[in-house]
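User: Please take a close look at one part of this structure, the packing of its interior, and then work outward from there to the loops and the charged side chains. I would like one connected account that I can follow while looking at the model.

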Amino acid sequence: AETFSLEGFDGIAKAGVALVTCMDSRIDPLGMLGLKPGDAKIFRNPGGRVTAAALEALVLGVHLLNVKRVLVIPHTRCAMTSSTEVELRQKVGESAGQDASWQGFHVVRDQRASLYSDVKAIQTHPLIPDSVQVGGFVYDVDTGLLEQVV
């Protein structure tokens, strides 16, 4: 709190960027893009997927928070790509000590195909105008590099 510098900040994405990425702790969303606090809207979830909640956030960002560009950035060595839905439900069920077969986890079978699909979901959303630039990238957690895929 002694070094807090965002007092009075209005919450607008100063760089006009929104980012959908994974919740993985190896990812520094602003740092990987060379941005600083206040520059971007960030939506994180397991696998960095464009879910209904992510689309809701993007629509609000575009219309109310100065978002002009959307970056979808999953990453290498993601846990959501290494297990099936059944395996994850089993692991969670064992950890929780109860049935987890009803819980969905948005497992990623083919990361690149999912990325194409997620970018398309944004581009074709009726409340996100064509003027919004949308790109899909993969972040390499071992090198810090971004690879543009879409």
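Analyst: In this predicted model, helix α2 lies across β1, β2 and β3, and its direction makes about 175° with that of β2. Helix α4 also packs on the sheet, where it touches β3, β4 and β5, and it runs at about 160° to β4. β3 is thus named among the strands touched by α4, just as it is among the strands that α2 lies across.

The sheet beneath these contacts is open and has five strands, in the order β2-β1-β3-β4-β5, with mixed pairing. Its edges are formed by β2 (residues 40-45) and β5 (residues 146-148), each of which pairs on one side only. From one strand to the next, the twist averages 25°. Within this order, β3 and β4 pair in the parallel sense over four bridges, and a useful place to look along this pairing is L71, which stands opposite G135 in β4.

The packing of side chains can be followed from here. The largest nonpolar core has 19 residues, and those with the most contacts inside it are L58, V70, V72, I122 and I128. The elements that give two or more residues to this core are β1 (17-22), α2 (52-64), β3, α4 (111-123) and β4 (133-139), and among the contributors it is α2 that provides the largest share, four residues. A second core, separate from this one, has 18 residues and includes L30, I73, V107 and V108. As background, nonpolar side chains in soluble globular proteins tend to be buried together.

V70 is a good residue from which to inspect the 19-residue core, being one of those with the most contacts inside it. With its neighbours within four places in sequence left aside, V70 is in contact with A18, L58, I122, V132, Q133, V134 and G135. Two of these partners, L58 and I122, are themselves listed with V70 among the residues with the most contacts inside the core, and G135 is the residue of β4 that stands opposite L71.

Moving out from β3 (69-73), one comes to the loop that leads to α3 (85-96), and S83 lies in this loop. S83 counts as buried because its relative accessibility is 9%, which is under the 20% limit used for that term. The side chain of S83 makes a polar contact with the side chain of K91, at 3.0 Å. Beyond its neighbours within four places in sequence, S83 is in contact with L88, K91 and V107, and V107 is also one of the residues included in the second core.

The loop between β3 and α3 also holds R77, which has a positive phi of about 55° although it is not a glycine. R77 is exposed, since its relative accessible area is 53%. A second residue with this kind of backbone geometry is N66, which likewise is not a glycine and has a positive phi of about 70°. N66 is placed in the loop between α2 and β3, and with a relative accessibility of 29% N66 counts as partly exposed.

The charged side chains complete the picture, with seven salt bridges found in a search of the whole structure. In one of them, R89 and E85 meet with N and O 3.5 Å apart; because these two residues are four residues apart in helix α3, they are separated by about one helical turn. R89 is partly exposed, with a relative accessible area of 25%. Another salt bridge joins the side chains of R26 and D24, at 2.6 Å from N to O. Here R26 is partly exposed, at 35% relative accessible area, whereas D24 is buried, at 15%. A further salt bridge links D39 with K36, whose closest N and O atoms are 3.5 Å apart. In this pair D39 is buried, with a relative accessible area of 9%, while K36 counts as exposed at 52% relative accessibility.

Technical notes
Residues are numbered from 1 along each chain as its sequence is written. This is a predicted model: local features need pLDDT of at least 70, side-chain atom pairs count only at pLDDT 80 or more; totals for chains, interfaces and linings use all residues. Side-chain values use heavy atoms; hydrogens and water are left out. Buried means under 20% relative accessible area, exposed over 50%, partly exposed in between (1.4 Å probe, protein chains only). A polar contact is a pair of N or O atoms within 3.5 Å; within protein, one must be able to donate a hydrogen and the other to accept it, and residues adjacent in sequence count only if both atoms are side-chain atoms. Contact means heavy atoms within 4.5 Å. A salt bridge is a side-chain nitrogen of Lys or Arg within 4 Å of a carboxyl oxygen of Asp or Glu. A nonpolar core is a set of buried Ala, Val, Leu, Ile, Met, Phe, Trp, Tyr and Cys residues joined through side-chain atoms within 4.5 Å. Two strands pair if DSSP finds at least two bridges between them. Axes are lines fitted to C-alpha atoms, for helices over the stretch in contact, and angles run from 0 to 180 degrees between N-to-C directions.
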